[in-house]
Amino acid sequence: MDRYELNGQSAYVLVVPDERGRTASYTLNLGSAAYADVYRPTVGSRTMQVQRVALQGGQLALQVSETPVFVLTGTTAPPPAPTPTPAPVPVACSATGTILREEWANAKGRTVADIPTLKAPTSTSQLTLFETPSNKGDNYGARVRGYLCPPLTGAYTFWIAGDEAGELWLSPDDAPATKVRISLLPGRTGVREWTKYAAQQSAPINLVQGRRYYIEALHKEATGADHLAVAWQLPNGTMEGPIPGSRLSPYVPTTTGTASTAAAVTAQDLVASAAPTETVTLSAAPNPLTTQTTVRFKVDVAGPAVLTLHDMQGRMVRQLFSGPAAAGVDQQAVLQAAELPSGVYSIRLQTASKLIHYRVLIAR
Ligand SMILES: [Ca+2]
């Protein structure tokens with residue numbers, strides 16, 4: 001995390017800098033800020049996606065990845081209610097009627113940080129509304145996750161209720177990696193008791209009709225009563241609590257394991273399996289670049305080499321070199337950037353046993 005100051009205004013940049021596909025949860029302490037604007041670079045766009053998050057006690061919890069996230073704060077009035085775009089004709093939702101619930105049994109602790117989400121869950125089920133069964137047991141953690149299909153375009157407000165600990169996270173799109181915590185339980189509530197604590201309620205959040213949004217509720221139970229539910233208010237004022245299955249689709253875990261941890265393990269395995277004696281270097285200058293840059297690389301074991309350019313989503317946008325590389329010889333390739341949008345890119349060099357990355361910024 002880097003912090004930049006100008007005239008008393010702070011900007012924060014959060015990034016996992018190693019390009020191995022790792023992600024991390026991070027809580028920024030923003031002091032007296034009332035809200036934060038979270039900016040994310042968008043592929044092919046000169047402007048960034050922005051999400052406004054109301055803060056409780058200045059705490060902003062974010063999911064951070066190798067794509068940088070920029071945070072600006074505001075201390076004045078509460079966030080202005082976004083202006084809904086009228087959408088009089090609802091389109092058919094892609095919701096399939098359920099949301100995934102994962103449970104970890106025999107998990108001690110009273111906070112959501114005690115949920116062992118990096119392990120495989122001990123059981124899973126599908127809920128037909130955004131509410132878990134009451135009084136299932138003691139000492140478990142759970143995660144309810146999937147996709148929202150908003151029936152209208154405009155500002156939605158969310159609530160979480162539960163016993164004992166819970167957090168609600170929402171992405172500005174359908175990617176789990178971009179999720180932001182929008183509300184939480186400061187303490188236990190009754191079943192569907194939405195208004196016991198101010199922090200149970202989110203800021204108004206603009207959603208677009210028919211688009212998919214990733215949503216995730218974390219739930220930690222220690223002892224006694226246990227339950228969890230999530231509600232929302234539609235732009236037309238309708239309250240739905242809990243959110244019905246007609247708005248929901250389940251998250252579908254991939255067979256290779258869920259996203260970030262599996263990707264991280266794969267990248268580390270690649271590095272670990274490299275011949276210990278092989279050294280590969282990769283650089284580009286100038287960087288940042290405007291029209292072109294010269295990429296230099298060198299291998300000390302002769303063999304095939306492929307040099308490619310990838311955007312922030314990992315898609316290959318250019319191949320810069322492919323062929324045999326001689327040992328100990330400086331190789332060069334020119335990256336012409338004229339037709340590429342401004343943004344952060346990754347140059348990848350793949351050899352027989354190694355994959356390395358080099359980050360470049362195209363800025364005009
Ligand atoms: Ca309890």
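**Group meeting: a calcium site and its salt bridges**

Let me start with Glu103: at 11% relative accessibility, Glu103 counts as buried. One caution: this is a predicted model.

Glu103 has a partner. Its side chain meets that of Lys136 in a salt bridge, 3.6 Å from N to O. That pair links distant parts of the chain. Glu103 sits in strand β8, Lys136 in the loop between β9 (123-127) and β10, and they are 33 residues apart. Lys136 is partly exposed, at 44% relative accessible area.

Strand β8 has another salt bridge to show. Here Glu102 pairs with Arg145, with the closest N and O atoms 3.0 Å apart. Arg145 lies in strand β10 (residues 140-148) and Glu102 in strand β8 (residues 99-104), so this pair ties together parts 43 residues apart in sequence. Are Arg145 and Glu102 buried or exposed? Both are buried.

How many salt bridges does the structure hold? The count is 14.

Now the metal. Which residues coordinate the calcium ion? Asp163 gives OD, Glu164 gives OE, and Glu221 gives OE twice. Thr223 and Ala225 each supply O. The distances run from 2.2 to 2.8 Å. Along the chain, the donor spacing reads D-E-x56-E-x1-T-x1-A. Glu164 is in the loop between β11 (154-163) and β12 (165-170), and Glu221 is in strand β15 (residues 213-221), so the two tie together parts 57 residues apart in sequence.

Next, the geometry. Why is the arrangement irregular? Because the six donor atoms subtend angles of 49 to 166 degrees. For reference, ideal angles for six octahedral donors are 90 or 180 degrees.

What about burial of the two glutamates? Glu164 is buried, with 7% relative accessible area. Glu221 is buried too, at 0%.

Glu164 also forms a salt bridge. Its partner is Arg110, with the closest N and O atoms 2.7 Å apart. Arg110 is in the loop between β8 and β9, Glu164 in the loop between β11 and β12, 54 residues apart. Salt bridges with shared partners also join Arg101, Glu103 and Lys136 into one network. Back to Arg110: this residue is partly exposed, at 47%.

Last stop, Arg211. This residue lies in the loop between β14 (205-207) and β15. Arg211 is partly exposed, with 48% relative accessible area. What does Arg211 touch, leaving aside residues up to four places away in sequence? Leu148, Cys149 and Pro150. Arg211 and Leu148 are 63 residues apart along the chain, and their C-alpha atoms are separated by 8.1 Å.

Definitions and conventions: Residues numbered from 1 in each chain as written. Predicted model: local features only at pLDDT ≥ 70, side-chain atom pairs only at ≥ 80, totals over all residues. Heavy atoms only, no water. Donors = N, O, S within 2.8 Å, 3.2 Å for Na, K, Ca; no water. Tetrahedral: all angles 85-135°; square planar, octahedral: opposite > 155°, others 65-115°. Helix = DSSP H or I, 4+ residues; strand = E, 2+ residues; numbered from the N terminus. Buried < 20%, exposed > 50% of the residue type's maximum accessible area, 1.4 Å probe, protein only. Contact = heavy atoms within 4.5 Å. Salt bridge = Lys/Arg side-chain N within 4 Å of Asp/Glu carboxyl O.
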